[in-house]
Amino acid sequence: MRGSDPDATIFYLARALNGGEDPMFLARRIVIQAAEDVGMANPQALVVATSAMQAVHMVGMPEARIILSEAAVYVATSKKSNATYLGINKALHDIQSMDTGEVPMHIRNAPVAGMEQFGYGEGYKYPHDYPGHYVEQQYLPDKMLGTKYYIKDDTVE
């Protein structure tokens with residue numbers, strides 16, 4: 001699937017099924033590929049893959065082979081982007097390895113009465129109150145300003 005070759009995808013799927021691999025394991029692998037390798041280049045791939053996993057669970061073998069094949073080929077023939085995969089890995093690395101600072105007070109909610117008096121939520125701009133449902137506002141902590149995690153590549157529309 002990663003190499004975008006539908007024939008090889010079907011071949012290796014058939015080989016795994018013939019070897020006794022659990023169809024649900026294969027379905028999970030297709031879901032992972034849809035998120036990790038296709039990502040935002042075709043977000044519908046994740047919907048197709050999770051629907052296929054559900055169908056495989058409900059239908060079982062031998063018909064599950066058809067469902068797995070359809071989902072695997074869909075993922076294989078989709079455009080690829082690993083931008084979200086790279087982004088979450090970088091964010092997790094930053095959070096685990098450095099002081100990333102505090103969440104800005106204006107985007108902190110106040111779930112308990114009285115927290116507003118400590119500045120929680122003060123100055124927050126609700127994006128839906130603005131044209132295009134967007135408003136310029138700081139969301140990252142001061143120490144993380146300018147950090148980019150999602151770097152859109154040319155495969156993403």
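In the predicted model, Thr100 is located in the segment that follows helix 5, the helix spanning 83-97. With a relative accessible area of 18%, Thr100 is classed as buried, because the threshold for burial is under 20%. When neighbours within four places in sequence are set aside, the contacts of Thr100 are Asp94, Ile95, Pro141, Lys143 and Met144.

The segment after helix 5 also contains Tyr139. In contrast to the buried Thr100, Tyr139 is partly exposed, at 40% relative accessibility. This value lies between the limits of 20% and 50% and therefore places a residue in the intermediate class. Together with Tyr124 and Tyr126, Tyr139 makes a nonpolar surface patch of about 320 Å². His133 is likewise part of the segment after helix 5. The backbone of His133 has a positive phi of about 60°, although the residue is not a glycine.

A second non-glycine residue with positive phi is Ser4, for which the angle is about 65°. Ser4 belongs to the segment before helix 1 and is partly exposed, with a relative accessibility of 37%.

The largest pocket encloses about 290 Å³ of space. Its lining consists of 15 residues, and those nearest the centre of the pocket are Met1, Thr9, Tyr12, Leu13 and Gln33. Two helices, helix 1 (6-18) and helix 2 (23-38), each contribute at least two residues to this lining. Helix 1 provides the largest share, with five residues.

Helix 2 also carries Ile32. The relative accessible area of Ile32 is 34%, and the residue is accordingly partly exposed. Along the chain, Ile32 and Leu46 are 14 residues apart, and a distance of 8.3 Å separates their C-alpha atoms.

A further backbone feature occurs between helix 3 (44-59) and helix 4 (64-77), where Pro62 lies in the connecting loop. The peptide bond leading from Met61 to Pro62 adopts the cis form, with omega near 10°.

Taken together, the local backbone features comprise the cis peptide bond from Met61 to Pro62, the positive phi of Ser4 and the positive phi of His133. With regard to accessibility, Thr100 is buried, whereas Tyr139, Ile32 and Ser4 are partly exposed.

How values were computed:
Residues are numbered from 1 along each chain as its sequence is written. This is a predicted model: local features need pLDDT of at least 70, side-chain atom pairs count only at pLDDT 80 or more; totals for chains, interfaces and linings use all residues. Side-chain values use heavy atoms; hydrogens and water are left out. Helices (H or I, at least four residues) and strands (E, at least two) are DSSP runs, numbered from the N terminus. Buried means under 20% relative accessible area, exposed over 50%, partly exposed in between (1.4 Å probe, protein chains only). Contact means heavy atoms within 4.5 Å. Patches are made of residues with over 30% relative accessible area and no salt bridge: like charges are joined within 9 Å, nonpolar side chains (Val, Leu, Ile, Met, Phe, Trp, Tyr) within 5 Å. Accessible areas come from the Shrake-Rupley method with a 1.4 Å probe; for residues, only the protein chains shown count as cover. A salt bridge is a side-chain nitrogen of Lys or Arg within 4 Å of a carboxyl oxygen of Asp or Glu. On a 1 Å grid over the protein atoms alone, a cavity is a set of points where a 1.4 Å probe fits but cannot get out, and a pocket is an open set with protein on both sides within 12 Å along at least five of seven lines; lining residues have an atom within 4 Å of a point. Grid points are joined across faces, edges and corners, and a volume is the space filled by probe spheres set on the points.
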